[in-house]
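Trainee: I've got a structure to get to know before class. Let's put it up and chat about it.

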Amino acid sequence: MKQKTTFLKSAFIMASLFIAGNNLSAQTLVAHYKFDNSIADETGNWNLTATDEDSSLTYEMGQNGTANGAITGFDRADFLSTVANFPISGDENRTMTAWIKLIALTPQTTVVGGGENSPGKKWTFGHQGSKVRAEINGKGMGVGTLEIDVWSHIAVVWDKDNATVRVYQNGELKGSNTTWSTNTTEAPLLIGNDYNANPSDRGFNGAMDDVRIYTGVAADDAFIKSIYDATVLSVKDNVVKTSFNAFPNPVADRLTFSSDKISSIEIYNILGAKVKSQKVSNKSIDMSTFSEGVYLLKCLDENGLNLNTLKVIKK
């Protein structure tokens, strides 16, 4: 994802990566799918092919505002896959992260799948209803709280030395389990589905962005937090800078914009999590129901381009 970073942001990201490197010296990025109007692997090694039964797969605005920066249109039977067997299998340590936005809290869907449809040999990472879910060897754990039409960063770490799985949401550890083992069969990697007998049973249903797969285990939580921090900061990027302001600020109820070019607003909390999307009516929006605090308002034109991002205080 292309970024225009300030010196401060660059320093922050470099510091995050420095922390990650020191905490995870044995970890290696194997595949990275940005989905910027492409299903290519950024490492150049594990490009994907699409199984798209009704030609529904397409692209939408990414979690950071990049036009065509996320893949969407999965309708449960669709998925992406590598042509060759993926190099992470057996009981190898692994770490996987992704941004996802759900269109429904379906019973169980997959972001990353591996192995085969056989007891003890399948790996599934995704969600079950509103919970981030990891399933290994037929055992599953669901934690966190996902919402419809809200981008969430999810991650899973498998640590074979401690027989532990850790699951994260938005940079925070939400749960772990120390009673598991895995022996994932070597097979092509699946994105948006797993090796269930019926592909429609666990096919993804929403949009995804910035999927990363590592061999190796995060020594602590700092690495996952560094990925979340570095990507969530990009909510301020990809701006077609247009000069305008919003008033009153602080605001109690209705917020008015000085520009008539703004068609819709995406509202994020100070942590970068999307709170709400709404249309602009008569150059204003209603913020009366929002809790007190600081919000980032991504101002979009009729074509979905980010005109600017404003900081607004709700009182």
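Mentor: One term before we start: a residue is buried under 20% relative accessible area, exposed over 50% and partly exposed in between (1.4 Å probe, protein chains only). This is a predicted model, where local features need pLDDT of at least 70, side-chain atom pairs count only at pLDDT 80 or more, and totals for chains, interfaces and linings use all residues. Residues are numbered from 1 along each chain as its sequence is written, and side-chain values use heavy atoms, leaving out hydrogens and water.

Trainee: Is Asp 149 buried, exposed or partly exposed?

Mentor: Find Asp 149 in the loop between strand S10 (139–143) and strand S11 (152–159); strands are DSSP runs (E, at least two residues), numbered from the N terminus. Asp 149 has a positive phi of about 65 degrees although it is not a glycine. Its relative accessible area is 39%, so Asp 149 counts as partly exposed.

Trainee: In which loop is Asn 37 found?

Mentor: Most residues other than glycine have a negative phi. Asn 37 goes the other way, with a positive phi of about 60 degrees. Its place is the loop between S1 and S2.

Trainee: What is the omega of the peptide bond from Asn 249 to Pro 250?

Mentor: Look at the loop between strand S16 (246–247) and strand S17 (254–257), where Pro 248 is found and where Pro 250 lies as well. The bond from Phe 247 to Pro 248 is cis, with omega near -10 degrees. The bond from Asn 249 to Pro 250 is cis too, with omega near 15 degrees.

Trainee: What kind of aromatic pair do Trp 46 and Phe 86 form?

Mentor: Rings of Phe, Tyr and Trp (its six-membered ring) pair if their centres lie within 6.5 Å, with planes under 30 degrees apart counted as stacked, over 60 as edge-to-face and the rest as tilted. There are six such pairs in the structure. The centres of Trp 46 and Phe 86 are 5.2 Å apart and the planes are at 65 degrees, so this pair is edge-to-face.

Trainee: How many residues apart in sequence are the parts that this pair ties together?

Mentor: Trp 46 counts as buried at 17% relative accessibility, and Phe 86 counts as buried at 3%. Trp 46 sits in the loop between strand S1 (28–33) and strand S2 (48–51), and Phe 86 in the loop between strand S5 (79–85) and S6, so the separation is 40 residues.

Trainee: Which element gives the most residues to the largest nonpolar core?

Mentor: A nonpolar core is a set of buried Ala, Val, Leu, Ile, Met, Phe, Trp, Tyr and Cys residues joined through side-chain atoms within 4.5 Å. The largest has 39 residues, and Phe 35, Ile 191 and Met 208 touch the most other members. With four residues, the top contributor is S6.

Trainee: How much space lies in the largest cavity?

Mentor: On a 1 Å grid over the protein atoms alone, a cavity is a set of points where a 1.4 Å probe fits but cannot get out, and lining residues have an atom within 4 Å of a point. Grid points are joined across faces, edges and corners, and the volume is the space filled by probe spheres set on them. The structure holds one cavity of 30 Å³ or more. The space in the largest cavity is about 100 Å³.

Trainee: Which element gives the largest share of that lining?

Mentor: Of the 13 lining residues, those closest to the centre are Phe 86, Ile 88, Gly 114, Thr 184 and Leu 189. Strand S6 (94–102), strand S7 (109–115) and strand S14 (188–191) give two or more residues to the lining. The largest share, three residues, comes from S7.

Methods
1 Å grid on protein atoms, 1.4 Å probe; cavity = no way out; pocket = protein on both sides within 12 Å on 5 of 7 lines; lining within 4 Å.
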